[in-house]
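Biologist: I'm new to this one, so could you pick a single part and take me through it closely? I'd like to see how that part fits in with everything around it.

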Amino acid sequence: MSQFFNRHKYKFIMIVFLVFLLFGLTGCRTNSAAWQNKVYIDGWSGYGKEFSFSGFWEGLWGWPVSILSWPIAWICSHIGKGLGNSFFWGILFTTLIVRTLAWPIYSKQNSMSLKMTLMQPEMTKIQRKYAHRKDPQSQQQMQMEMMKLYKKYKMNPLGCIAPMFVQFPIFMAMYEVVRRINATTIVNVNGIDVVQYGTFALKNTKMFNFFELNTSFMAATTVHDKIFAVVLAVGFGALTLLSQKLASRKPKYVKDYNRNIKTNQQDQQQKQMKIMNIVMTVMFVFMSLSSTSLALYWIIGAIYQLFQSFVGRKLNELKYYRTQKKGQVI
């Protein structure tokens, strides 16, 4: 078990960081007035307000998110207003644009994943070599051999984490846009509370003039909207599991490269990782039930990710055979 955690420690660190940052972003951006008047649930009313924070922690979380979410909200609003003031079309095309702009970061991460896969057999041999040698000198020698291996494949041990940290603020800003773009603010005018929409609001929140997007499973007032919320949530979960399954399926050249290397311990680690992925997927399915628009955004992103994965695998395959033909290391 300890070896499993050591093997996947960077993934665990990333999961903890994402959960912490998610709660930080949803909880720290408040106005100075009261918790009920959170900036997070207010619509955009002006550029200046987005950069007005009453405390250090609000500014620390708020500044980077505002800087990214403002232009994304502007794009989403203009696309939606150009297509019948439609919230659906705004989400759809903005998601595609943001994902496409982030593609170079994904490609870098995908290339690093290929290198990690191909260097795994040599890494396993080194670990086996020093499996029963726990003295400091042997451990230091193992670390030196590991560093030579990383240098051979031109890999940074922490290189796989950096693209995740770069991608996350972008997708978090998109997450906030979906949650906030149609949010309303209560303004008191002469003693009367008036509902005020933000600058980027898209008031046509019906998908195909039938399904309501600006709602949730619990808040939906019609049966078909509740069914639609469940379908989106379940569809997102199914796509996520499919993506995970395809990602775990190694291409033929990787199977040949790793032949006779797989061990019972690695089988156990894969089973544990599979359980963890399922648990995370179930959590996100329940989260998607809290917002139909958010579920739509996630399901569009999941479909796009499948497309990215397919293209990435093909490019990796071409790169592998090209470098092997030249006798190079990827």
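**A close look at one helix**

Modeller: Let's take α9, which has 26 residues and reaches 38 Å from its first C-alpha to its last, close to the 38 Å expected at 1.5 Å a residue. That expected span is 1.5 Å times one less than the number of residues. Helices here are DSSP runs of H or I with at least four residues, strands are runs of E with at least two, and both are numbered from the N terminus. Keep in mind that this is a predicted model, where local features need pLDDT of at least 70, side-chain atom pairs count only at pLDDT 80 or more, and totals for chains, interfaces and linings use all residues. Residues are numbered from 1 along each chain as its sequence is written, and side-chain values use heavy atoms, leaving out hydrogens and water.

So what does α9 tuck away? Its buried residues include Asp225, Phe228, Leu232, Phe236 and Ser243; buried means under 20% relative accessible area, exposed over 50%, and partly exposed in between, with a 1.4 Å probe and protein chains only.

Follow Asp225 outwards and you meet Glu212, which touches Asp225 along with Thr205, Lys206 and Thr292, leaving aside residues up to four places away in sequence. Touching, or contact, means heavy atoms within 4.5 Å. Glu212 sits in strand β4 (residues 211-212), and it counts as buried because its relative accessibility is 15%. Its side chain makes a polar contact of 2.6 Å with the side chain of Thr205, and also reaches the backbone nitrogen of Asn214 at 2.9 Å. A polar contact is a pair of N or O atoms within 3.5 Å; within protein, one must be able to donate a hydrogen and the other to accept it, and residues adjacent in sequence count only if both atoms are side-chain atoms.

Ser291 is worth a stop too, in the loop between α11 (264-288) and α12. With a relative accessible area of 6%, Ser291 is buried. A polar atom of its side chain lies 3.2 Å from the backbone nitrogen of Leu294, and Ser291 touches Arg179, Thr215 and Ser216, again not counting residues up to four places away in sequence.

Back to our helix: α9 (223-248) is one of the elements giving two or more residues to the largest nonpolar core, together with α4 (56-82), α5, α8 (161-180) and α12 (292-325). Such a core is a set of buried Ala, Val, Leu, Ile, Met, Phe, Trp, Tyr and Cys residues joined through side-chain atoms within 4.5 Å. This one has 37 residues, and Ile181, Leu296 and Tyr297 touch the most other members. The biggest share comes from α12, with 9 residues. Tyr297 touches Ile91, Thr95, Phe171, Met174, Tyr175 and Val178, not counting residues up to four places away in sequence. There's also a second, separate core of 13 residues, with Met123, Ile126, Met146 and Tyr320 among them.

Zooming out, the protein chain has 12 helices and 4 strands, and 43% of its 330 residues are buried.

Lastly, confidence. The chain averages a pLDDT (the predictor's confidence in each residue, from 0 to 100) of 76, and 71% of the residues score at least 70. Confidence is highest in helix α5 (residues 87-101), at a mean of 94, and lowest in helix α1 (residues 2-7), at 46. Over residues 1-6 the pLDDT is below 50, and it is below 50 over residues 23-41 as well. Where pLDDT is low, the predicted coordinates shouldn't be read in detail.
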